[in-house]
Amino acid sequence: DEIRLSLRLAERRNYDLSFSFSLLARQKDIRTSNLPITKMENRWQYRIHYIKTLGRGVEWRSRAQVNRYGFLQNSVSWMVYQELKFKPVGSSFSITSRIARYAIQNFDSRIYTYEVRAGNRFAFPAFNGNGYRFFINLKYTWKQFRIGLYLGTQSETSTNSNMSLSLRWKV
């Protein structure tokens, strides 16, 4: 069974604030010493997301999320990110940057986010472990050409970096 609650407050072209809560509860069978045991598996998710328009073409986004998982052991994970989007009105150029900090106790309480990559691609990276994630995405469109550059890095115990460059020609 799943329960979802959400609340959204918005003022056109000024701010957008949303709160959400979800609970997923289901029975799970485990086998110990040849005896089947049925336990409840619970996943709680609390999220707050805030979008503020700072000016024409400038947007600030913040998100905080806490996941709690309970089955054989309880775990609590959290993630916070700040994102800045800049696209001047009437311009062919845009830039988006994000920094996230997270602490994920185990795979069952992982947290996903949506990321736009170069070339209008996207990804849903799952945060795991403790660390931070940073990315910057640049786009420039001129007539039928679009150039995109994505630079991203993630740090847990080691640093994982990636870069992609996209050139698109529309005929």
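1. Start at the surface. Strand 5, which covers residues 74–86, is the top contributor to the nonpolar patch, giving 3 residues. The patch itself is built from Tyr-46, Val-66, Val-76, Trp-78 and Val-80. Its area is about 380 Å². Keep in mind that this is a predicted model.

2. Look next at one member of that patch. Val-66 sits in strand 4, residues 58–70. Is Val-66 buried, exposed or partly exposed? Its relative accessible area is 32%. Buried means under 20% and exposed means over 50%. Val-66 is therefore partly exposed.

3. Now step back to the whole fold. How many helices and how many strands does the protein have? The count is 0 helices and 13 strands. Read from the N terminus, the order of elements is β-β-β-β-β-β-β-β-β-β-β-β-β.

4. The overall numbers come next. The protein has 171 residues, and 32% of them are buried. Its exposed area is about 11300 Å². Carbon and sulfur atoms account for 56% of that area. Consider also the contacts between residues at least 6 apart in sequence: 41% of these link residues at least 24 apart.

5. Turn to the interior. Which residues form the largest nonpolar core? There are 7 of them: Met-79, Tyr-81, Ala-100, Tyr-102, Ile-104, Ile-111 and Phe-127. Strand 5 and strand 6 (93–104) each provide at least two of these core residues. Strand 6 is the top contributor, with 3 residues. Strand 5 thus deserves a second look in the viewer, as a strand that gives residues to the nonpolar patch and also to this core.

6. Phe-127 is a good core residue to inspect. Set aside its neighbours within four places in sequence. Phe-127 then contacts Met-79, Ala-100, Tyr-102, Ile-104, Arg-110, Ile-111, Thr-113 and Arg-133. Several of these names belong to the core list, including Met-79 and Ile-111.

7. Finish with His-49, in strand 3 (residues 35–55). Is His-49 buried or exposed? The cut-off for buried is under 20% relative accessible area. His-49 has 17%, so it counts as buried.

8. What does His-49 touch, beyond residues up to four places away in sequence? Its contacts are Asp-16, Leu-17, Ser-18, Arg-61, Ser-62, Arg-63 and Tyr-81. Tyr-81 is one to highlight: it is also listed in the largest nonpolar core.

Terms used. Residues are numbered from 1 along each chain as its sequence is written. This is a predicted model: local features need pLDDT of at least 70, side-chain atom pairs count only at pLDDT 80 or more; totals for chains, interfaces and linings use all residues. Side-chain values use heavy atoms; hydrogens and water are left out. Helices (H or I, at least four residues) and strands (E, at least two) are DSSP runs, numbered from the N terminus. Buried means under 20% relative accessible area, exposed over 50%, partly exposed in between (1.4 Å probe, protein chains only). Contact means heavy atoms within 4.5 Å. Accessible areas come from the Shrake-Rupley method with a 1.4 Å probe; for residues, only the protein chains shown count as cover. Patches are made of residues with over 30% relative accessible area and no salt bridge: like charges are joined within 9 Å, nonpolar side chains (Val, Leu, Ile, Met, Phe, Trp, Tyr) within 5 Å. A salt bridge is a side-chain nitrogen of Lys or Arg within 4 Å of a carboxyl oxygen of Asp or Glu. A nonpolar core is a set of buried Ala, Val, Leu, Ile, Met, Phe, Trp, Tyr and Cys residues joined through side-chain atoms within 4.5 Å.
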